[in-house]
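Work through the exercises below in order. Try each task before reading its solution.

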Amino acid sequence: MSLPEELCIGTLNEIVKRGNLTEITGADGGPFQVLGSVMGPDPVGSVRIFSGDTIAKVVYVGIVVPQIQMDSHMVFAFMPDDSPVPHYTLDSVHAGGHYAFHIDLIQRADAGTHMVYNDWAHTPLTEAYEQVNAMEGLSKAALEPRQLTVMSSWMLASRASEEAFGNLNAPVNAYLDHWFSLVEGEVPAEVTADLADTDLAARDAKNRALLFSPEVDKVWAQISRLLTEPVAESIRLQLVDNELPA
């Protein structure tokens, strides 16, 4: 198992275990969707979907194409539409000779006007955030400023040397542990009061539409070229809302 796959699958397995999630499989009992590509007849990856009582939907997408040196794994764990708890995401990649990653708890409110919410949902991540940014072997990720607006200020996103990438287990676990403390805990009354002006479900729908928009994230154009546009769109539609496949 490659470093990116090991990091992402280990995290997915922990989310499934702690979240007591059930997998929604394909008709053959395997992954919900097996991914083909224009590179040849063999499968190049899969989409796996899980759900549970507290965590609304988890989507894992893995794409491995040795011919183009692509080894990409990402997981999104989505909370219910009206929950203030952030969504969790990890993306781990080896492509074009570079390792890369992003980790984030995707905010559910306007960070610039909700500091009480920030201090509950994100401020405890600051120590891990600063430790990662001080690591040797990291360089700036290729993200446009408008992409950053749909993520949180605590997002970690970098290219990495192999050695630096191999040291990501601790911060990934720190982000995951904090996220589960929010998932499993009560929402403090002061946080609920701070968010009284926010329609959480409506904001989440708009945020996810932008987060996974091909006009915002150019990765969808790359996926369309590799997997075909209909397949890329089928993956994207699993990410924009919490509706579960039948």
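The radius of gyration used here is taken over C-alpha atoms, and the globule rule is 2.2 Å times the number of residues to the power 0.38. This is a predicted model, in which local features need pLDDT of at least 70, side-chain atom pairs count only at pLDDT 80 or more, and totals for chains, interfaces and linings use all residues. Residues are numbered from 1 along each chain as its sequence is written, and side-chain values use heavy atoms, with hydrogens and water left out.

**Exercise 1. Overall form**

Task: compare the radius of gyration of the protein with that of a compact globule.

Solution. Start with the chain, which has 246 residues. For that number, a compact globule would have a radius near 18 Å. The protein has 18 Å, so the two agree. Next, take the box: along the principal axes, the C-alpha atoms fill roughly 55 × 45 × 35 Å. Then count the elements. There are 10 helices and nine strands (DSSP runs, H or I of at least four residues for helices and E of at least two for strands, numbered from the N terminus). Finally, 48% of the 246 residues count as buried (under 20% relative accessible area; exposed is over 50%, partly exposed in between, with a 1.4 Å probe and protein chains only).

**Exercise 2. The nonpolar cores**

Task: find which residues have the most contacts inside the largest nonpolar core.

Solution. A nonpolar core is a set of buried Ala, Val, Leu, Ile, Met, Phe, Trp, Tyr and Cys residues joined through side-chain atoms within 4.5 Å. The largest one has 44 residues. Ile15, Ile55, Val58, Tyr88 and Trp179 have the most contacts inside it. Helix α6 (residues 169–184) gives the most to this core, with seven residues. A second, separate core has 27 residues, including Ile24, Leu35, Met74 and Phe212. Now look at Ile55. Contact means heavy atoms within 4.5 Å. Leaving aside neighbours within four places in sequence, Ile55 touches Ile15, Gly19, Leu21, Phe78, Met79, Trp179, Phe180 and Val183. As a general rule, nonpolar side chains tend to be buried together in soluble globular proteins.

**Exercise 3. Salt bridges across the chain**

Task: trace the salt-bridge network that includes Arg18, then find out whether Arg108 is buried or exposed.

Solution. A salt bridge is a side-chain nitrogen of Lys or Arg within 4 Å of a carboxyl oxygen of Asp or Glu. The structure holds six. Begin with Arg18 and Asp177, at 3.3 Å, N to O. This pair links helix α1 (residues 3–18) to helix α6, 159 residues apart. Arg18 also meets Glu184, at 3.4 Å, N to O. Because Arg18 lies in helix α1 and Glu184 in helix α6, this pair ties together parts 166 residues apart in sequence. Turn to Arg108 and Asp204, also joined by a salt bridge (3.4 Å, N to O). Arg108 is in the loop between β7 (98–106) and α2 (115–121), while Asp204 is in helix α8 (residues 200–211), 96 residues away. Arg108 has 0% relative accessibility, so Arg108 is buried. Asp204, at 2%, is buried too. Back to the network: bridges that share partners join Arg18, Asp177 and Glu184.

**Exercise 4. A loop residue**

Task: place Thr25 and list its contacts.

Solution. Thr25 is in the loop between β1 (22–24) and β2 (33–37). Its relative accessibility is 34%, so Thr25 counts as partly exposed. Beyond neighbours within four places in sequence, Thr25 is in contact with Gly30, Pro31 and Phe32.
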